[in-house]
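Here are some exercises to work through with the model open in your viewer. Try each one before you read its solution.

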Amino acid sequence: MSQENIAAGSIEGVVTSFVQSKGYGFINGDDGERYFVHVNEVQGDQRLVTGQRVTFEPTPSPKGSKAKRVVPDLGPIPIYVEPDSFLSLIHISEPTRPLYI
């Protein structure tokens, strides 16, 4: 993750669901709280996918907690199956060597 995009007070978490066609989903924060996330809060041009690690600013709201300034990690790599359904075959958290089978 790009360190210049991560603000003080940010926490990490895992995307538990994200509906690309609607542009929103939820993150389980490492603090045990569940956060709503909207596509407009995602930094950069990477999409969020279920199982992906992210860093974000937790923000209270009248309807519940929200994730602001969401910075996605490198993985998992989404594999397209059908609209709004993805399989994650591999999670990349740091550069790896190619795997030859």
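**Exercise 1. Find the cluster that ring pairs make out of Tyr24, Phe26 and Phe36, and describe the pair of Phe26 and Phe36.**

Step 1. Start with the cluster: Tyr24, Phe26 and Phe36 are linked by ring pairs. Rings of Phe, Tyr and Trp (its six-membered ring) pair if their centres lie within 6.5 Å; planes under 30 degrees apart count as stacked, over 60 as edge-to-face and the rest as tilted. Keep in mind that this is a predicted model, in which local features need pLDDT of at least 70 and side-chain atom pairs count only at pLDDT 80 or more, while totals for chains, interfaces and linings use all residues. Residues are numbered from 1 along each chain as its sequence is written, and side-chain values use heavy atoms, with hydrogens and water left out.

Step 2. Count the pairs. The whole structure has three aromatic pairs. Phenylalanine 26 and phenylalanine 36 form an edge-to-face one, with 5.8 Å from centre to centre and 75° between the planes.

Step 3. Place the two rings. Phenylalanine 26 sits in strand E2 (residues 24-29) and phenylalanine 36 in strand E3, ten residues apart. Strands (E, at least two residues) and helices (H or I, at least four) are DSSP runs, numbered from the N terminus.

Step 4. Check accessibility. Phenylalanine 26 is partly exposed at a relative accessible area of 23%, and phenylalanine 36 is partly exposed at 27%. Buried means under 20% relative accessible area, exposed over 50%, and partly exposed in between (1.4 Å probe, protein chains only).

Step 5. Look for a charge. Arginine 34 lies over the face of phenylalanine 26, 4.0 Å from the ring centre. The rule here is that NZ of Lys or CZ of Arg is within 6 Å of the ring centre and within 35 degrees of the ring normal.

**Exercise 2. Which residues make up the largest nonpolar core, and which strands supply at least two of them?**

Step 1. List the members: Val15, Phe18, Ile27, Tyr35, Val37, Val42, Leu48, Val54, Phe56, Ala67 and Val70, eleven residues in all. A nonpolar core is a set of buried Ala, Val, Leu, Ile, Met, Phe, Trp, Tyr and Cys residues joined through side-chain atoms within 4.5 Å.

Step 2. Sort by strand. E1, E3, E4 and strand E5 (66-72) each supply at least two of these residues.

Step 3. Zoom in on phenylalanine 18, in strand E1 (residues 11-19). Phenylalanine 18 is buried, at 10% relative accessible area. Leaving out residues up to four places away in sequence, phenylalanine 18 touches Gly23, Tyr24, Gly25, Val37, Val39, Leu48 and Thr50. A contact means heavy atoms within 4.5 Å.

Step 4. Check one of those neighbours. Threonine 50 is 32 residues from phenylalanine 18 in sequence, with 6.3 Å between the C-alpha atoms.

**Exercise 3. Is arginine 47 buried or exposed, and where does it lie?**

Step 1. Arginine 47 lies in the loop between strand E3 (34-38) and strand E4 (53-59).

Step 2. Arginine 47 counts as exposed because its relative accessibility is 56%.

Step 3. Beyond four places in sequence, arginine 47 touches Gln20 and Gln52. Its C-alpha atom is 9.2 Å from that of phenylalanine 18, 29 residues away along the chain.

**Exercise 4. How many bridges join E1 to E4, and how many join E4 and E5?**

Step 1. E1 and E4 run antiparallel and are joined by four bridges. Two strands pair if DSSP finds at least two bridges between them.

Step 2. E4 also pairs with E5 in the antiparallel sense, over five bridges.

Step 3. Use valine 54 as your landmark. Glycine 13 stands opposite valine 54 in E4, and valine 54 stands opposite proline 72 in E5.

Step 4. Follow the hairpin of E4 and E5. Six residues lie between the strands, and glycine 64 takes a positive phi near 135°.

**Exercise 5. Which element has the lowest mean pLDDT, and which the highest?**

Step 1. For the protein chain, the mean pLDDT is 79, and 66% of its residues reach 70 or more. pLDDT is the predictor's confidence in each residue, from 0 to 100.

Step 2. Strand E7 (residues 85-88) has the lowest mean, 50, and E3 the highest, 97.

Step 3. Mark the low stretches. pLDDT is below 50 over residues 1-5, a stretch with seven contacts beyond near neighbours in sequence. pLDDT also stays under 50 over residues 87-91, where the model has 16 contacts beyond four places in sequence.
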